[in-house]
Protein chains: 2
Amino acid sequence: MSDLIQKCLDAGLSMTTARRAILRALENSEDHPDAFVLHDRAKAYDPTIAQATVYRTMRILEQEGLVEKHDFGNGRARYEEAEKAQHDHLINLSTGEIIEFQDPGLEALKIEIAKRLGFHLKDHRLELYGVPRK
Amino acid sequence: MSDLIQKCLDAGLSMTTARRAILRALENSEDHPDAFVLHDRAKAYDPTIAQATVYRTMRILEQEGLVEKHDFGNGRARYEEAEKAQHDHLINLSTGEIIEFQDPGLEALKIEIAKRLGFHLKDHRLELYGVPRK
DNA sequence: CCTAAACATGCGAATGAGTTGCAAAAGCAA
DNA sequence: TTGCTTTTGCAACTCATTCGCATGTTTAGG
């Protein structure tokens with residue numbers, strides 16, 4: 001169940017109270033929390049957690065490839081469990097809401113374009129910004 | 001010739017020495033300079049320019065839609081004349097080099113996906129990160 | 001051109017996200 | 001448990017970007 005905790009153990013990370021709390025908070029998040037929101041949520045499991053620990057933990061998880069860090073342009077990084085992140089994002093400019101989507105044709109095209117330019121695709125970022133159609 | 005200066009005038013912006021210098025520097029840039037590089041280049045036309053003025057000017061130009069602000073993940077915003085920015089970017093992870101590309105099929109697909117989700121596409125951002133194929 | 005109001009500038013100080021040094025507190029392996 | 005390593009909380013720091021303010025430039029109207 002606690003997939004992330006297991007993955008961290010597998011990666012050889014030591015498991016502390018603070019870390020467990022943050023991992024749980026992240027796992028239970030269906031959205032894309034920033035470091036402050038994540039801190040708040042983690043406090044539910046361990047009220048003594050410091051903001052700095054959230055940043056430190058997120059950095060480690062990102063390096064381990066367990067977390068993806070996004071920047072949707074409001075000056076704060078937002079995080080998402082890597083496993084849940086097999087999609088791109090559309091940002092509703094009217095509300096700030098973030099919609100996830102996936103398109104196989106698009107994925108293939110990204111790889112194809114990189115190849116055409118002589119590169120092997122390692123990573124990519126696609127964000128669409130739109131307003132609702134009436 | 002000085003397209004940007006004319007566009008600024010058309011937009012009703014007042015034209016100062018500092019602004020002209022920054023606009024020229026930007027116009028002569030074929031790459032994606034950050035605020036510091038742009039500051040350096042603008043000093044060639046007006047050595048008294050302050051960094052803050054570069055930031056202020058870029059913000060105004062962005063609001064007017066004359067400039068695009070990019071974030072390629074190194075913590076510094078990078079700017080590009082909007083007119084020259086009809087393309088996406090591939091970042092060479094080995095060298096940091098930025099390659100511009102354009103793909104009509106991709107453009108169409110972005111619009112199509114937004115439409116399918118019920119949105120009218122206002123803006124988008126696509127970055128591919130890759131390593132050279134041997 | 002000249003003038004006044006409007007706007008932009010340079011400077012240094014402030015902001016705010018993210019990082020870091022350090023001493024104290026866990027975690028971990030034996 | 002012991003001793004060693006890693007992590008934590010805190011506060012102080014960094015660094016890109018923004019802001020306040022007093023001064024200098026632009027611009028529109030005569």
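**View 1. Thr16(B) puts a polar side-chain atom 2.9 Å from a phosphate oxygen of DNA strand C.** Before you zoom in further, note that this is a predicted model, where local features need pLDDT of at least 70, side-chain atom pairs count only at pLDDT 80 or more, and totals for chains, interfaces and linings use all residues. Residues are numbered from 1 along each chain as its sequence is written, chains are lettered from A and ligands numbered from 1 in the order in which they are written, and side-chain values use heavy atoms, with hydrogens and water left out. Thr48(B) also reaches a phosphate oxygen of DNA strand C, this time with a backbone N or O atom, at 2.9 Å. Arg56(B) goes for a base instead: an N or O atom of its side chain is 2.7 Å from a base nitrogen of DNA strand C. Such pairs are polar contacts (N or O atoms within 3.5 Å; within protein, one must be able to donate a hydrogen and the other to accept it, and residues adjacent in sequence count only if both atoms are side-chain atoms). H4 of chain A, together with H2 and H4 of chain B, are the elements that give two or more residues to the surface near this strand. Helices (H or I, at least four residues) and strands (E, at least two) are DSSP runs, numbered from the N terminus.

**View 2. DNA strand C is surrounded by 22 residues.** Tyr55(A), Arg76(A), Thr16(B), Thr53(B) and Arg56(B) are the closest of them. A residue counts as near when one of its heavy atoms lies within 4 Å. Which element gives the most to the surface near DNA strand C? It's H4(A), with four residues. Of the strand's atoms within 4 Å of the protein, 78% belong to sugar or phosphate, and the rest to bases.

**View 3. Now for DNA strand D, which has 20 residues around it.** The closest are Thr16(A), Thr53(A), Arg56(A), Tyr55(B) and Arg76(B). Here, 80% of the strand's atoms within 4 Å of the protein belong to sugar or phosphate, with bases making up the rest. Look for the side chain of Thr17(B), where an N or O atom is 3.3 Å from a phosphate oxygen of DNA strand D. Gly75(B) uses a backbone N or O atom, which lies 3.5 Å from a sugar or linking oxygen of DNA strand D. The elements giving two or more residues to the surface near DNA strand D are helix H2 (17-27) and helix H4 (51-63) of chain A, plus helix H4 (51-63) of chain B. H4(B) gives the most, with four residues.

**View 4. His70(B) sits in strand E1 (residues 67-71) of chain B.** Is His70(B) buried or exposed? Its relative accessible area is 10%, so it counts as buried; the cut-offs are under 20% for buried, over 50% for exposed and partly exposed in between (1.4 Å probe, protein chains only). The side chains of His70(B) and Glu80(B) are joined by a polar contact of 2.7 Å. Leaving out residues up to four places away in sequence, His70(B) touches several others, including His32(B), Arg76(B) and His89(B). Touching, or contact, means heavy atoms within 4.5 Å.

**View 5. Helix H3 (residues 35-43) of chain B has four names to look for on its buried list: Ala35(B), Leu38(B), His39(B) and Ala42(B).** They cover an arc of only 105 degrees around the axis, so they are on the same side of H3(B). The arc is taken from the directions from the helix axis to the C-beta atoms. An α-helix has 3.6 residues a turn, so residues three or four places apart point the same way. Among what covers the buried residues of H3(B) are helix H2 (17-27), H4 and strand E2 (77-81) of chain B. At the N-terminal end, Asp34(B) caps H3(B), with a side-chain oxygen 2.9 Å from the backbone nitrogen of Phe36(B).

**View 6. Lys7(B) lies in helix H1 (residues 3-10) of chain B.** Its relative accessibility is 24%, which means that Lys7(B) is partly exposed. Setting aside neighbours within four places in sequence, Lys7(B) is in contact with Leu66(B) and Glu83(B).

**View 7. Chain A and chain B meet, with 32 residues from chain A and 32 residues from chain B taking part.** Together they bury about 3,000 Å², 67% of it on carbon and sulfur atoms. Buried area is the accessible area (1.4 Å probe) that two parts lose on being put together, summed over both. Phe119(A), Arg125(A) and Arg133(A) supply 24% of the area chain A buries against chain B, more than any other three residues.
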